[in-house]
Amino acid sequence: MLTYSSLSDFELTDLLRKDDASAFTVIYNRYFDVLYVHAYKRLQDKDEAQDVIHELFAHIWNKRRDFFIKTNLSAYLATAVRNKILDVISHQEVESKYVSSLQGFLDEGHCITDHRVRERQLVELIDKGIADLPPKMREVFELSRRHQMSHKQIAEQLNLSEQTVRKQVNNALKILRVKLGLMLFISL
């Protein structure tokens with residue numbers, strides 16, 4: 001009888017390429033904790049760290065038939081997690097700059113006439129985009145951006161988890177980016 005836990009990483013990845021879910025589970029269990037600790041140290045967010053690890057393993061499962069490793073599995077996983085962490089950090093920085101630019105634009109009060117017309121049009125587009133958000137998402141987004149409440153404060157006020165608040169804000173920003181498209185980016 002085959003004892004998966006005693007198999008080497010090479011043997012497990014070979015079985016994984018053959019659609020062996022048990023081999024995948026052993027790989028997952030063997031490496032999850034160490035990868036999670038590494039991700040948490042860098043991100044300082046338990047949910048984000050878990051998401052990074054789950055996304056990595058989901059990617060591995062989805063690409064299992066083409067999963068060939070030139071080094072050892074632990075080195076591959078460590079590198080893959082590091083790259084996903086860098087992607088998350090980069091995305092957070094872009095998002096932060098975007099929100100700062102958006103807030104700066106909304107707060108700016110002195111412009112020339114032509115600029116004021118474009119500003120008014122952009123504010124109307126933003127307001128319409130916000131108004132078109134689903135009601136709960138709109139409420140969370142407005143508390144976050146217009147009332148400068150932290151995710152924790154919003155979660156307590158609306159009886160939601162901080163993760164739910166974070167996801168609602170991120171989803172609202174994604175929707176607004178798509179709806180506002182190039183006009184927003186050109187104006188900022």
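Trainee: What does glutamate 139 count as at 33% relative accessibility?

Mentor: This is a predicted model, so read the value as computed from predicted coordinates. The general scale comes first: under 20% is buried, over 50% is exposed, and partly exposed lies in between. Glutamate 139, at 33%, therefore counts as partly exposed.

Trainee: Which residue does the side chain of glutamate 139 meet in a salt bridge?

Mentor: For a salt bridge, check the distance from N to O; the cut-off is 4 Å. Here the partner is lysine 136, at 3.7 Å. Lysine 136 is partly exposed too, at 40% relative accessibility.

Trainee: Where do glutamate 139 and lysine 136 lie?

Mentor: Both are in helix 6, residues 135–145. They are three residues apart, which means a separation of about one helical turn.

Trainee: Which residues are joined into one network by salt bridges that share partners?

Mentor: Asp14, Arg17 and Lys18. One of the links is aspartate 14 to lysine 18, with the closest N and O atoms 3.3 Å apart. Aspartate 14 is partly exposed at 26% relative accessibility, while lysine 18 is exposed at 56%.

Trainee: How many salt bridges does a search of the whole structure find?

Mentor: Eleven. Look at another of them: aspartate 19 with arginine 64, whose closest N and O atoms are 2.7 Å apart.

Trainee: Which parts does the pair of aspartate 19 and arginine 64 tie together?

Mentor: Two loops. Aspartate 19 is in the loop between helix 1 (9–17) and helix 2 (21–43). Arginine 64 is in the loop between helix 3 (46–62) and helix 4 (73–107). So the pair ties together parts 45 residues apart in sequence.

Trainee: Is arginine 64 buried or exposed?

Mentor: Buried, with a relative accessible area of 14%. Aspartate 19 is partly exposed, at 33% relative accessibility.

Trainee: What describes two packed helices?

Mentor: The angle between their axes and the distance between the axes. Now the case here. The axes of helix 1 and helix 2 come within 8 Å and cross at roughly 135°. That makes helix 1 oblique to helix 2. Their crossing is left-handed.

Trainee: Which residues in helix 1 meet helix 2?

Mentor: Helix 1 brings Asp9, Leu12, Thr13, Leu15 and Leu16. Helix 2 meets them with Ala23, Phe24, Val26, Ile27, Arg30 and Tyr31. By class, the residues of this contact divide into eight nonpolar, one polar and two charged.

Methods. Residues are numbered from 1 along each chain as its sequence is written. This is a predicted model: local features need pLDDT of at least 70, side-chain atom pairs count only at pLDDT 80 or more; totals for chains, interfaces and linings use all residues. Side-chain values use heavy atoms; hydrogens and water are left out. Buried means under 20% relative accessible area, exposed over 50%, partly exposed in between (1.4 Å probe, protein chains only). Helices (H or I, at least four residues) and strands (E, at least two) are DSSP runs, numbered from the N terminus. Axes are lines fitted to C-alpha atoms, for helices over the stretch in contact, and angles run from 0 to 180 degrees between N-to-C directions. Angles under 35 degrees count as roughly parallel, over 145 as roughly antiparallel, 65 to 115 as roughly perpendicular and the rest as oblique. A crossing is left-handed if the near helix is turned anticlockwise from the far one by less than a right angle, and right-handed if clockwise. Contact means heavy atoms within 4.5 Å. Ala, Val, Leu, Ile, Met, Phe, Trp, Tyr, Cys and Pro count as nonpolar, Asp, Glu, Lys and Arg as charged, and the others, Gly among them, as polar.
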